[in-house]
Amino acid sequence: MLSKIVREKAVEAIESVYGIRFTARDFQVNPTKPEFEGDYTIVLFSLVKQLNTSPDQLGNALGAKMIADDPVFFESFNIIKGFLNFTIKPAFLIDMLNRHYQDPCFGKAPMNGKKIMVEYSSPNTNKPLHLGHLRNNFLGRSIAEILKANGYDVLKTCIVNDRGIHICKSMIAWSRYGNQSTPTSTGTKGDHFVGDFYVKFNDAYKLEVEGLVAKGMDKATAEKEAPIMLEAQQMLFDWENGKPEVIELWKTMNLWVYEGFDTTYKRIGSDFAKTYYESETYLLGKDTIELGIRKGVFFRKEDGSVWIDLTAEGLDEKLVLRKDGTSVYITQDIGLAQKKYDEFGMDQSIYVIGDEQNYHMKVLQLICKKLGLPYADGIHHLSYGMVELPTGKMKSREGTVVDADDLVDEMISISRKHTQNLGKVNDFSEAELDELYNTIGLGALKYFLLRVDPKKKMIFNPEESIDFHGFTGPFVQYTHARIRSVLKKSIIDSGLKDYKLPLLKGEKDLLLLAEQYEVILKQAADGLDPSAIATYLFQLAQTFNSFYAALSINNAENEEKKQLRLKISSLVATIIASGMEMLGIKVPEKM
RNA sequence: GGCCCCGUAGCUCAAUUGAAUAGAGCAUUUGACUACGGAUCAAAAGGUUUCAGGUUUGAAUCCUGACGGGGUCACCA
């Protein structure tokens, strides 16, 4: 961690020269901009004021002192307009290179004894997964990997919304229009099969409402009185009362969906240590509500419904239990939070949920805090933005949803086309080719969704397919394959112990960049932000490709340079493989 | 309407969380394979960071206001 080392050395130097102890946060240390000479820069302005001196005076005093104290670490310094730039001696970088050039654990932290739960995916069992779910799945999976690399004991969980009125809608539609067909009998993937009936329900519902309105009923009443809707509500009632044929149908249809989800999850690489089903947890939380009433956190209105008053916190009054005693969404979440904590006792719990639920999650955490629950502070909502089309939000009712399976298929088929055009893997078997197409197609898709800041909504244009050139997954994968190919042509010996030649720009750039990997990993974990890694890996790959074009590796000027560049290449490939793994993306040896 | 989020090149995104001349990719134009992989590299062009004020040595970043876009305010989940 060069920036940290420079910072610490600066703190010491200031103390010994001026007798004042600063903390590391009082001033900034950045990598030096390429147009200036140096590797790391101390920004002097914030110090000047408190030390009552000029930037030049401070810079000279600090620079001289730091070089005198650490002549083996710092080579030189210069001051430009309040910026103190240091050049680092190669020895530090060479030492790092020797230790880590093929170390898969480079940059990762040792176990810290903390347990984190990451809940993600959380699908409904009434329709297939779409592009928004993909962002959720990739984010959740990636965050889990990043936290693991930072020393946490990570537990991936998923809550399946397998119950409720929306599920009954598919069931009603199938009863009415299904004619006993099944995914097998129609050759349809189970989740799509059920999803189609969900659409059928909405079509039929719309027609019935229109019919009632035509007969003179007002729209709001018609929406409540449409026979198909009443049927669905009756079915939900029957389900809750355990009516055998309803439960039977529900089980059958859910099974179809799970088979479909399973296939998709396997393809995209989502897995969970524990899956919760809402049908098994929706009654939880009621006793917590009772506890809250006793504690005075909640209050009961005359009609029997239970509420919490959050107006003091700038929010509203929020219902936590219906007047008939049944639970609402938040009641279940309160219960599930408790259950998870009872089962796993984690220090933190991360919910990967879209930003349309910001308010809900705020309320959830606030309630847990007011109840004095031990896990309240550990709740963290990883709120991500919607994936939108150029025309706006995706809407299932308007058929403007980008289906996950379709998109994955398309990505794989594009990667097949590209690969075949290039014709570099003619020695691959059919099975190897299929795996390669998968690796590249999914790599492009995952990288596309993970390279932007999770908090921001992003736009996906289905008209233009996802790119395979430039700032993309395949670019990074290509760089890895290229390095592996070069490395196969030579042997790395154990030399370089006393490397004395100066480092060329391309060589030093890569070493400095590689050195930052550890900091990037930490940043990604602290900010729950995989895009930090995606951006970094692209920069690393790009820097390598420039280096590759400018300097020969296997035909270097001498053996020492050759070994240096082989090791640098190996380090870069190691970091790419490690970083891509955190994004859930595989890297091929050849492509 | 209340509350929350967002507005950066033609398009999609960055900017080390307040620092030096705001960076990439795509698209456009030009150049580079008998040196290790051209899914690459080198270069050109593209910006009043929505607008108007303010704080600061320093603002895309912080504050105020306007304009534009989105989310949310269910006894739905």
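How many nonpolar, polar and charged residues does the surface near RNA strand B have? I went through the model with that in mind, and here are my notes.

1. **The answer, and a caveat.** The surface near RNA strand B has 26 nonpolar, 18 polar and 21 charged residues. Keep in mind while reading on that this is a predicted model.

2. **Who sits around the strand.** There are 65 residues around RNA strand B, and F83, D303, L422, K424 and R482 are the ones that come nearest. On the RNA side, sugar and phosphate make up 59% of the strand B atoms that come within 4 Å of the protein.

3. **Which elements build that surface.** Several strands each supply at least two residues: β1 (29–31), β2 (40–43), β4 (83–88) and β14 (458–459). Helices α16 (404–422), α18 (473–487) and α21 (531–550) each do so as well. If you are colouring the model by element, these are good ones to pick out while looking at the RNA.

4. **Three polar contacts to look at.** They touch three parts of the RNA, so I list them by what they reach on the strand.
   - Base: an N or O atom in the side chain of T41 is 3.0 Å from a base nitrogen of RNA strand B.
   - Sugar or linking oxygen: one of these on RNA strand B lies 3.1 Å from a polar side-chain atom of D316.
   - Phosphate: the side chain of Q542 has an N or O atom 3.2 Å from a phosphate oxygen of RNA strand B.

5. **R451.** Have a look at the loop between α17 (430–450) and β14, where R451 is placed. Its side chain reaches the backbone oxygen of F471 at 2.9 Å. Beyond its neighbours within four places in sequence, R451 is in contact with F471, S531, A534 and T535. R451 still counts as partly exposed, because its relative accessible area is 30%, between the 20% and 50% cut-offs. For a long-range reference point, take L583: the C-alpha atoms of R451 and L583 are 9.4 Å apart, with the two positions 132 residues apart in sequence.

6. **N136.** This one belongs to helix α5 (residues 131–149). At a relative accessible area of 4%, N136 is buried, since that is under 20%. What does its side chain reach at 3.0 Å? The partner is the backbone oxygen of V352. A polar atom of the N136 side chain also lies 2.7 Å from the backbone nitrogen of S121. Leaving out neighbours within four places in sequence, the contacts of N136 are Y120, S121, V352 and Y384.

7. **Aromatic pairs.** A search of the whole structure turns up 24 of them. One is F193 with W256, an edge-to-face pair with 5.2 Å centre to centre and 90° between the planes. That pair links distant parts of the chain, with F193 in helix α8 (residues 190–214) and W256 in helix α11 (residues 244–268), 63 residues apart. Both F193 and W256 are buried. Elsewhere, ring pairs link F73, F74, F77, F86 and F92 into a cluster.

8. **Two positive phi values to check.** Neither residue is a glycine. Q180 has phi near 65° and is placed in the loop between α6 (165–177) and α7 (183–186). L528 has a positive phi of about 45° and is found in the loop between α20 (517–526) and α21. Are these residues buried or exposed? Q180 counts as exposed because its relative accessibility is 64%, over the 50% cut-off. L528 is buried, because its relative accessible area is 9%, under 20%.

9. **The chain as a whole.** Chain A has 22 helices and 14 strands, and its C-alpha trace spans about 90 × 65 × 45 Å along the principal axes. Of its 591 residues, 52% are buried. Taking contacts between residues at least 6 apart in sequence, 74% join residues at least 24 apart.

10. **Domains.** The assignment divides chain A into domain 1 (2–88), domain 2 (164–257), domain 3 (286–326) and domain 4 (405–582). Between domain 1 and domain 3, the C-alpha centres lie 57 Å apart.

Definitions and conventions
Residues are numbered from 1 along each chain as its sequence is written. Chains are lettered from A and ligands numbered from 1 in the order in which they are written. This is a predicted model: local features need pLDDT of at least 70, side-chain atom pairs count only at pLDDT 80 or more; totals for chains, interfaces and linings use all residues. Side-chain values use heavy atoms; hydrogens and water are left out. A residue is near a molecule or strand if one of its heavy atoms lies within 4 Å of it. A polar contact is a pair of N or O atoms within 3.5 Å; within protein, one must be able to donate a hydrogen and the other to accept it, and residues adjacent in sequence count only if both atoms are side-chain atoms. Helices (H or I, at least four residues) and strands (E, at least two) are DSSP runs, numbered from the N terminus. Ala, Val, Leu, Ile, Met, Phe, Trp, Tyr, Cys and Pro count as nonpolar, Asp, Glu, Lys and Arg as charged, and the others, Gly among them, as polar. Buried means under 20% relative accessible area, exposed over 50%, partly exposed in between (1.4 Å probe, protein chains only). Contact means heavy atoms within 4.5 Å. Domain bounds come from an automatic or database domain assignment. Rings of Phe, Tyr and Trp (its six-membered ring) pair if their centres lie within 6.5 Å; planes under 30 degrees apart count as stacked, over 60 as edge-to-face and the rest as tilted.
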